[in-house]
Amino acid sequence: MNFVVTGLNEKYWQLWGISWVASLRENAQTKATPIVFNLGLTTHIIEYLKNIGINVLDCEDKGDHRQSVIDAMVGLSEKVEGNYLYFDADIWFQKNFDEIFALLDRKST
């Protein structure tokens, strides 16, 4: 299974998260399972993300948002086998990136 991952808090959602999610859905149209690690989102935003098919998982915010999410992603990868791609919340996808997962598959064989 392939996963695309980021972390969001309320500030990141307002500034970048909406674009991250919209471009993931509309431009990338990835087959990967999206995961947002919750660094302080409101219940309303969490429910919205879940309703559009994005997995929202709790994440302990250790002060460094990126490192907190990467640590949580590594922990998840130890429990759920798959390929994980992390993208900062301030990027927007311009096209499909699923070929990156194929490169990861070749590296592991």
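**Close-up views of the sheet, its helix and the largest pocket**

**View 1. The open sheet in this predicted model has 4 strands in the order 3-2-1-4, paired in parallel.** At the edges sit strand 3 (55-58) and strand 4 (83-86), and each of these pairs on one side only. Going from one strand to the next, the twist averages 30°. As background, strands of a sheet pair through backbone hydrogen bonds, and the pairing can be parallel or antiparallel.

**View 2. Here's where strand 1 meets strand 4.** Strand 1 covers residues 2-8, and 4 bridges tie it to strand 4, with the two running parallel. If you want a spot to zoom in on, pick Val5: its bridge partner in strand 4 is Tyr86.

**View 3. Helix 3 lies across the strands.** Helix 3 takes in residues 65-79 and lies across strand 1, strand 2 (33-38), strand 3 and strand 4. Relative to strand 4, helix 3 runs at about 175°.

**View 4. The largest pocket holds about 180 Å³ of space.** Its lining is made up of 13 residues, and the ones closest to the pocket centre are Tyr12, Arg66, Tyr86, Asp88 and Ala89. Tyr86 turns up again here, having already appeared as the partner of Val5.

**View 5. What is the lining of the largest pocket built from?** Strand 1, helix 1 (10-28) and helix 3 are the elements that each give two or more residues to it. Helix 3 provides the largest share, with 3 residues. Sorted by class, the lining has 6 nonpolar, 3 polar and 4 charged residues.

How values were computed. Residues numbered from 1 in each chain as written. Predicted model: local features only at pLDDT ≥ 70, side-chain atom pairs only at ≥ 80, totals over all residues. Heavy atoms only, no water. Pairing = 2+ DSSP bridges. Axes fitted to C-alpha atoms, helices over the stretch in contact; angles between N-to-C directions. Contact = heavy atoms within 4.5 Å. 1 Å grid on protein atoms, 1.4 Å probe; cavity = no way out; pocket = protein on both sides within 12 Å on 5 of 7 lines; lining within 4 Å. Points joined across faces, edges and corners; volume = space filled by probe spheres on them. Nonpolar A, V, L, I, M, F, W, Y, C, P; charged D, E, K, R; others polar.
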